[in-house]
Amino acid sequence: MTQTSENVTWLTQEAYNKLKAELEHLTGPARAEISAKIAAAREEGDLRENGGYHAAKEEQGKQELRVRQLTQLLENAKVGEAPAADGAVAPGMVVTIAFDGDEDDTLTFLLASREYASSDIETYSPQSPLGTGVIGHKVGEDAEYELPNGKKALVKILKAEPYEG
């Protein structure tokens, strides 16, 4: 779960440990493995037409990007408890909204960083238009957010509960 205000990201201890372990793997064993792949491909000869070399270099680039993302995320992380179950929408909560107050047209989503996106529940960032529109509102209140076309959309907060995932 995350709570982001500007560059600070709130993480549970479990999430922090998981991301830290991923970073340690990428900067240790995974980095050594990709270096070995590049060295082996380099020995095959002409680098201009060496598909294995180019694939390994591309993989290395993606891996180093992930290292930078994780480093930045963890440097700006605050480790703490889940948000309070007080009915107010906050990052780290599962929120159910009704579009235009129509309780037959609802959406339930996790309000959190993309680091927590899962196939179990749709995830919206606290910085997204919908996320910024609903944060701070309580169950039963109406909230407004801006659509990509510049128009405003109205939603009613039906539920806001801490994510248990």
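This is a short walk through one sheet, one aromatic pair and one helix contact. Keep in mind that the model is predicted.

Let's start with the sheet. It is open and has 5 strands. Their order is E6-E5-E4-E8-E7, and the pairing is mixed. As background, strands of a sheet pair through backbone hydrogen bonds, either parallel or antiparallel.

Which strands stand at the edges? They are E6, residues 122-124, and E7, residues 142-146. Each has a single partner strand, so one side of each is left without a neighbour in the sheet. Neighbouring strands here are turned by 45 degrees against each other on average, ignoring direction.

Now look at E8, residues 152-162. E8 pairs with E7 in the antiparallel sense, over 5 bridges. Two positions help you find this pairing on screen. Asp 142 has Lys 156 in E8 as its bridge partner. Glu 146 stands opposite Lys 152 in E8.

E7 and E8 also form a hairpin, with 5 residues between the strands. In that hairpin, Gly 150 takes a positive phi near 95 degrees.

E8 has another pairing, with E4, residues 93-99. How many bridges join E4 and E8? There are 7, and the sense is antiparallel. For a landmark, take Val 95, whose bridge partner in E8 is Ala 160.

Next, the aromatic rings. The structure holds 1 aromatic pair. Phe 109 and Tyr 124 make it, in an edge-to-face arrangement. The centres are 5.0 Å apart, with 70 degrees between the planes. Phe 109 lies in strand E5, residues 106-111, and Tyr 124 lies in E6, so the pair ties together parts that are 15 residues apart in sequence.

Are these two rings' residues buried or exposed? Phe 109 is buried, with a relative accessible area of 0%. Tyr 124 counts as partly exposed, at 21% relative accessibility. The cut-off for buried is under 20%, so Tyr 124 does not meet it.

Last stop, the helices. H1 covers residues 13-27 and H2 covers residues 29-42. Their axes come within 3 Å and cross at roughly 30 degrees. Angles under 35 degrees count as roughly parallel, so that is the label for H1 and H2.

Which residues make the contact? From H1 they are Glu 24, His 25, Leu 26 and Thr 27. From H2 they are Pro 29, Ala 30 and Arg 31. By type, the contact residues divide into 3 nonpolar, 2 polar and 2 charged.

Technical notes: Residues are numbered from 1 along each chain as its sequence is written. This is a predicted model: local features need pLDDT of at least 70, side-chain atom pairs count only at pLDDT 80 or more; totals for chains, interfaces and linings use all residues. Side-chain values use heavy atoms; hydrogens and water are left out. Two strands pair if DSSP finds at least two bridges between them. Helices (H or I, at least four residues) and strands (E, at least two) are DSSP runs, numbered from the N terminus. Axes are lines fitted to C-alpha atoms, for helices over the stretch in contact, and angles run from 0 to 180 degrees between N-to-C directions. Angles under 35 degrees count as roughly parallel, over 145 as roughly antiparallel, 65 to 115 as roughly perpendicular and the rest as oblique. Contact means heavy atoms within 4.5 Å. Ala, Val, Leu, Ile, Met, Phe, Trp, Tyr, Cys and Pro count as nonpolar, Asp, Glu, Lys and Arg as charged, and the others, Gly among them, as polar. Rings of Phe, Tyr and Trp (its six-membered ring) pair if their centres lie within 6.5 Å; planes under 30 degrees apart count as stacked, over 60 as edge-to-face and the rest as tilted. Buried means under 20% relative accessible area, exposed over 50%, partly exposed in between (1.4 Å probe, protein chains only).
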